[in-house]
Amino acid sequence: MTDRVYPSTKPATNGTTATKAQLYGATRPVYRPQHNRKRSRGCFCSCVLWTAVVIFTLIVLAAIAGAIIYVLYRPHRPTFVVSGLKISSLNLTSTSHLTTNIDLNITTRNPNKKLVYTYNPITISVTTEKDDILVGSGLLPSFVHGTKNTTSLRAAITSSGLQLDDKSGSKLTSDLKSKDGVALKIELETKVKVKMGGLKTPKARIRVSCQGIKATVPSGKQATKASVSNAKCKVDLRIKIWKWTF
C-alpha cells in the first residue's frame, strides 16, 4: 500500500489555468500607498499665514496701546540748570597734586503732569572743558521727583591730593593762570525709573552734561563764584514705553 502525505507537497498544475495564475501573481506590482503632498503643503501654508496674522495683530494692538499712553501722559524729559558754583579751593602743587573744594548747586524741574521720576544716587564729575582733566567728584542722594516739581540739589565736589600726570598737570596749571578763568564741564550720571499711574518703567540710564561754566581760582581764603549765566545742560535719557521713546 502506498503512503499518502497530506497536504500534498506537489504544486497544483491544473493545466493551463494554474500556469496563468502563477504568472499573474509573479508579475503583479506591489501596492504602495501614496501620500497627498498637495494637502500637506496646503496645511503648512495655512499655519504660516495664521501665525503671521496673529503676530501682525499683536504688533498693531501694542502700537495702539503705546499711542494711547503717549497721548494721555505726554512724557517730557526733566530739565537741569547749574544755578551756582562756588570754589573754596583749587590748588595744584608743583608735584601735580590737586586739592579741590567746590560747592555745586543744581536746579532740576519735572515738567510732566502725570509722570514721577525716581532717581538712584547720582554721581557727579567736574572736569576741564578743554582737556577733560578731572578736577573733582561728588555724589547726590537718591530722590523722588514729583509732578510739576522744581527741586534744588546741592553737592560738595572734592578731591584730596589727586595725583595728575605731568602732561595733565602742565595743562591745568596753564588754565588756572588764565585771566579769562578755566572753563569747566559738569557731568551727572545715574539711573531713573518713571511712574505713570499704575505703570512703572524699568530703570534707564540718564546722563546730564553741562558746559559754558567759567571759574576763577581764589587768591586768598575767600571763595570765588563761577560764572554760570551761559551754562547749558543737555539731558540724555531714553525711556521706552511700548514703541514710544522719549
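Let's start with the disulfide. Cys 210 is joined to Cys 233, with the sulfurs 2.1 Å apart. Cys 210 sits in strand S10, residues 204–215, and Cys 233 in strand S12, residues 232–237, so the bond ties together parts that are 23 residues apart in sequence. Keep in mind that this is a predicted model.

How many disulfides does a search of the whole structure find? One. The link between Cys 210 and Cys 233 is right-handed, with 110° about the S-S bond. Now look at the two ends. Cys 210 is buried, at 0% relative accessible area. Cys 233 is partly exposed, at 23%.

Stay with strands S10 and S12. A salt bridge links them too: Asp 236 pairs with Arg 205, and the closest N and O atoms are 3.9 Å apart. Asp 236 belongs to S12 and Arg 205 to S10, so this pair ties together parts that are 31 residues apart in sequence. Asp 236 is partly exposed, with 26% relative accessibility. Arg 205 is partly exposed as well, with 40%. Both belong to a network of salt bridges that links Glu 189, Arg 205, Arg 207, Asp 236 and Arg 238.

On to the other salt bridges. The structure holds eight. One of them pairs Arg 154 with Asp 103, the closest N and O atoms being 4.0 Å apart. Which strands does it connect? Arg 154 lies in S7 and Asp 103 in S2, so the pair ties together parts that are 51 residues apart in sequence. Is Arg 154 buried or exposed? Arg 154 counts as exposed, at 62% relative accessibility. Its partner Asp 103 counts as buried, at 18%.

Next, Asp 132 and Lys 185. They form a salt bridge, with the closest N and O atoms 3.6 Å apart. Asp 132 is in the loop between strand S4 (122–128) and strand S5 (134–140), while Lys 185 is in strand S8 (residues 182–196), so the pair ties together parts that are 53 residues apart in sequence. Asp 132 is partly exposed at 49% relative accessibility. Lys 185 is buried, with a relative accessible area of 14%.

Now the backbone. Ser 96 has a phi near 65°, a positive value in a residue other than glycine. Where is Ser 96? It is in the loop between strand S1 (79–92) and strand S2 (97–110). Ser 96 is buried, at 7% relative accessible area.

Lys 148 also has a positive phi, near 50°, and is again a residue other than glycine. Lys 148 sits in the loop between strand S6 (143–145) and strand S7 (149–163). Lys 148 is partly exposed, with a relative accessible area of 44%.

That brings us to the surface. Lys 148 helps form a positive patch, together with Arg 109, Lys 113 and Lys 114. Lys 114 is in the loop between S2 and strand S3 (115–119). Lys 114 is partly exposed, at 44% relative accessible area.

Last, a nonpolar surface patch. Which residues make it? Leu 49, Trp 50 and Val 53, covering about 350 Å². Trp 50 lies in helix H2, residues 37–73. Trp 50 is exposed, with a relative accessible area of 60%.

To recap two items: the one disulfide the search finds, and the salt-bridge network that includes Arg 205 and Asp 236. Happy to go back to any of these on screen.

How values were computed
Residues numbered from 1 in each chain as written. Predicted model: local features only at pLDDT ≥ 70, side-chain atom pairs only at ≥ 80, totals over all residues. Heavy atoms only, no water. Helix = DSSP H or I, 4+ residues; strand = E, 2+ residues; numbered from the N terminus. Buried < 20%, exposed > 50% of the residue type's maximum accessible area, 1.4 Å probe, protein only. Disulfide = S-S within 2.5 Å. Patch = residues over 30% accessible without salt bridge, like charges linked within 9 Å, V, L, I, M, F, W, Y side chains within 5 Å. Areas by Shrake-Rupley, 256 points an atom, 1.4 Å probe, with all protein chains shown as cover. Salt bridge = Lys/Arg side-chain N within 4 Å of Asp/Glu carboxyl O. Lys, Arg positive; Asp, Glu negative; His and termini not counted. Charge placed at Lys NZ, Arg CZ, Asp CG, Glu CD.
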